Amino acid sequence: MDDLHQPWLEDAIQRVRTGTQLVPRVGIILGSGLGGFAAQVIADTTVPYSAIPGLPVSTAIGHKGQLTLGRFFGHEVAVLEGRFHLYEGYSADQVVRPVHLLKALGVEVLLATNAAGGLNPDYRVGDVVVVEDHVNMMWTKPGVGAGENSPGEFYDRELVERALAASRAAGVIPQSGVYVGMTGPNYETRAEYRWLRQIGDLVGMSTVPEVITARSLGMQVLALSVVSNACNPDSLEPTDGAHVVAAVAKAEGRIREIVRGVLDREA
Ligand code: HPA
């Protein structure tokens, strides 16, 4: 799909550009419970999704639903507070519209954050894990046509290394893992967690469609997961959206330090 010719996109760009001419090189998608991150951004403009033509309405818990263009410790960024999920009933094409918008605003590097269940028994709630690869169980590949192959490595090796170095510098145990994207909306059963542990380290309901789209648009991609619940099939604790948001909010400072470290290490 030629993203610059989606009819809604021109109107959306025009709306955002009424507030600023800043051209952000970096786009940041904030997952559930990470809204506090945005307070660190000195905003040129903030636009609610409801005012941006073509964007769906954000309904998920812990998602504010607004776009800010501004500066994060001197780096020009576009920050999406809140994302769209397949489990909200949106199509894959709707879910990835914000990524097309970022691209059209000038973004070359996508930093996607999310809350995820920790499948890897070494992970603790609140850990920040750098995503090194994914398994797509979401039955959809936006931006990639039938018969086309995936464009190879989705997660930029250099950015992964930088994120691990930034973790170390922030006093965080550097960890990387494989993210399994599920459609939800329910969290998984014991049997599903047992199976998912064979194929990945993290499980969540977002990010994969955005990453596939970003790569198909030529962006470099980094994804960071905050472990919001431990998916131990033999001693499963009840969890829900509110637990996830609360657990992730505690990791907001670490995410901020790692993102800052990654951007400071840009050439
Ligand atoms: N499963 C799926 N998605 C999630 C989970 C989970 O356990 N935790 C946070 N997002």
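In which hand does α1 pass α3? In this predicted model, the crossing of α1 with α3 is right-handed. The contact behind this crossing draws on W8, L9, A12, I13, V16 and R17 from α1, and on R97, H100, L101, A104 and L105 from α3. Sorted by character, the residues of this contact comprise eight nonpolar, one polar and two charged.

Two packed helices are described by the angle between their axes and the distance between the axes. For helix α1, spanning residues 7–17, and helix α3, spanning residues 97–105, the packing angle is about 60° and the axes lie 10 Å apart. Angles from 35 up to 65 degrees fall outside both the roughly parallel and the roughly perpendicular classes, and α1 and α3 are therefore oblique to each other.

A second helix pair invites the same kind of description. Helix α4 covers residues 157–169, and its axis comes within 8 Å of that of α8, the two crossing at roughly 125°. This angle makes α4 oblique to α8. The crossing of α4 past α8 is right-handed. On the α4 side, the contact is formed by L159, R162, A163, A166 and S167, and on the α8 side by I258, G261 and V262. Here the residues of the contact divide into five nonpolar, two polar and one charged.

Helix α8 (252–264) also appears in the surroundings of α7, to which the description now turns. Within helix α7, made up of residues 241–249, the buried residues are V244, V245, A247 and V248. Around the helix axis they take up an arc of only 165°, and so they sit on the same side of α7. What do the buried residues of α7 pack against? Their partners are two strands and a helix, namely β5 (109–118), β9 (220–230) and α8 (252–264).

A closer look at one strand residue brings the description back to α1. T45 belongs to strand β2, which runs over residues 41–48. Is T45 buried or exposed? With a relative accessible area of 11%, T45 falls under the 20% limit and is therefore buried. Leaving aside residues up to four places away in sequence, T45 touches V16, G19, T20, L67, T68 and L69. One of these neighbours, V16, is also among the α1 residues that make the contact with α3.

Technical notes
Residues numbered from 1 in each chain as written. Predicted model: local features only at pLDDT ≥ 70, side-chain atom pairs only at ≥ 80, totals over all residues. Heavy atoms only, no water. Buried < 20%, exposed > 50% of the residue type's maximum accessible area, 1.4 Å probe, protein only. Helix = DSSP H or I, 4+ residues; strand = E, 2+ residues; numbered from the N terminus. Arc of directions from axis to C-beta. Contact = heavy atoms within 4.5 Å. Axes fitted to C-alpha atoms, helices over the stretch in contact; angles between N-to-C directions. Parallel < 35°, antiparallel > 145°, perpendicular 65-115°, else oblique. Left-handed = near helix turned anticlockwise from the far one by under 90°. Nonpolar A, V, L, I, M, F, W, Y, C, P; charged D, E, K, R; others polar.
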